[in-house]
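Biologist: I'd like to learn how to read a protein model. Can we go through one together, feature by feature?

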Amino acid sequence: QVQLVESGGGLVQAGGSLRLSCAASGRSFSSYVMAWFRQAPGKEREFVAGITGIGVATYHLVSVKGRFTISRDNAKNMVYLQMNSLKSEDTAVYYCAADRQGSGRYDYWGQGTQVTVSS
């Protein structure tokens, strides 16, 4: 069983920054592919960024490239999403997710943290 707990969301003005954190349980954390997703009101959940187990490769949604950066600290079982130059369209609930098998199927999810960007 893997538990994921997000934190760091909040209200920020457009152009500002936030850093989301995800604390994960599990002894094999360093082998999990981790990702951040988001879901805005009335929209489907979308992939934002992902990172492989040892952080060699990262992937970012085109619309956040150059603004958001995913990273991880395997010694602390933590995943982060640094979000800069925030825009109103980044407003959403952000979820941390784990793919334990590297299959592309994220089988564990956090409860989400709200990010609201005011224009």
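Modeller: Sure. Let's begin with a term: strands are DSSP runs of E, at least two residues long, numbered from the N terminus. Keep in mind that this is a predicted model.

Biologist: What pattern does the protein follow when I read along the sequence?

Modeller: Along the sequence the pattern is β-β-β-β-β-β-β-β-β-β-β. In other words, there are eleven strands and zero helices.

Biologist: How does the radius of gyration of the protein fit with a compact globule?

Modeller: For 119 residues, a compact globule would come out near 14 Å, and the protein has 13 Å, so the two agree. If you draw a box around the C-alpha atoms along the principal axes, it is roughly 40 × 25 × 25 Å.

Biologist: And how many of the 119 residues count as buried?

Modeller: The share is 45%. Here you need the cut-off: buried means under 20% relative accessible area. The accessible surface of the whole protein is about 6300 Å², with 47% of that belonging to carbon and sulfur atoms.

Biologist: What tends to happen to nonpolar side chains?

Modeller: In soluble globular proteins they tend to be buried together. In this model the largest nonpolar core has 29 residues, and Leu 4, Met 34, Trp 36, Leu 81, Met 83 and Tyr 94 have the most contacts inside it. Among the elements that give it two or more residues are strand 3 (18-24), strand 4 (33-39), strand 8 (78-83) and strand 9 (92-99). Another core, of five residues, lies apart from that one, and it includes Val 33, Ala 35, Ala 97 and Tyr 106.

Biologist: What is a disulfide, in general?

Modeller: A covalent bond between the sulfur atoms of two cysteines. Searching the whole structure turns up one disulfide. Its partners are Cys 22 and Cys 96, with 2.1 Å from S to S. Cys 22 sits in strand 3 and Cys 96 in strand 9, so the pair ties together parts that are 74 residues apart in sequence.

Biologist: Which hand does the disulfide of Cys 22 and Cys 96 have, left or right?

Modeller: You read that from the torsion about the S-S bond, which is about -80 degrees here, so the disulfide is left-handed.

Biologist: Are those cysteines buried or exposed?

Modeller: Cys 22 counts as buried because its relative accessibility is 0%. Cys 96 is buried too, with a relative accessible area of 0%.

Biologist: Now a polar case. Where does Asn 77 lie?

Modeller: Look in the loop between strand 7 and strand 8. Asn 77 has 19% relative accessibility, so it counts as buried. Leaving out residues up to four places away in sequence, Asn 77 touches Cys 22, Ala 23, Ala 24, Ser 25, Gly 26 and Phe 29. One to zoom in on is Gly 26: its backbone oxygen lies 3.1 Å from a polar atom of the Asn 77 side chain.

Biologist: What does the side chain of His 60 reach?

Modeller: The backbone oxygen of Phe 68, at 3.5 Å. A polar atom of the His 60 side chain also lies 3.1 Å from the backbone nitrogen of Ile 70. His 60 belongs to strand 6 (residues 58-60), and its relative accessible area of 18% is why it is buried. Besides Phe 68 and Ile 70, His 60 touches Val 48, Ala 49, Lys 65 and Thr 69, not counting residues up to four places away in sequence.

Notes:
Residues are numbered from 1 along each chain as its sequence is written. This is a predicted model: local features need pLDDT of at least 70, side-chain atom pairs count only at pLDDT 80 or more; totals for chains, interfaces and linings use all residues. Side-chain values use heavy atoms; hydrogens and water are left out. A nonpolar core is a set of buried Ala, Val, Leu, Ile, Met, Phe, Trp, Tyr and Cys residues joined through side-chain atoms within 4.5 Å. Buried means under 20% relative accessible area, exposed over 50%, partly exposed in between (1.4 Å probe, protein chains only). Helices (H or I, at least four residues) and strands (E, at least two) are DSSP runs, numbered from the N terminus. A disulfide is a pair of cysteine sulfur atoms within 2.5 Å. The radius of gyration is taken over C-alpha atoms; the globule rule is 2.2 Å times the number of residues to the power 0.38. Accessible areas come from the Shrake-Rupley method with a 1.4 Å probe; for residues, only the protein chains shown count as cover. A polar contact is a pair of N or O atoms within 3.5 Å; within protein, one must be able to donate a hydrogen and the other to accept it, and residues adjacent in sequence count only if both atoms are side-chain atoms. Contact means heavy atoms within 4.5 Å.
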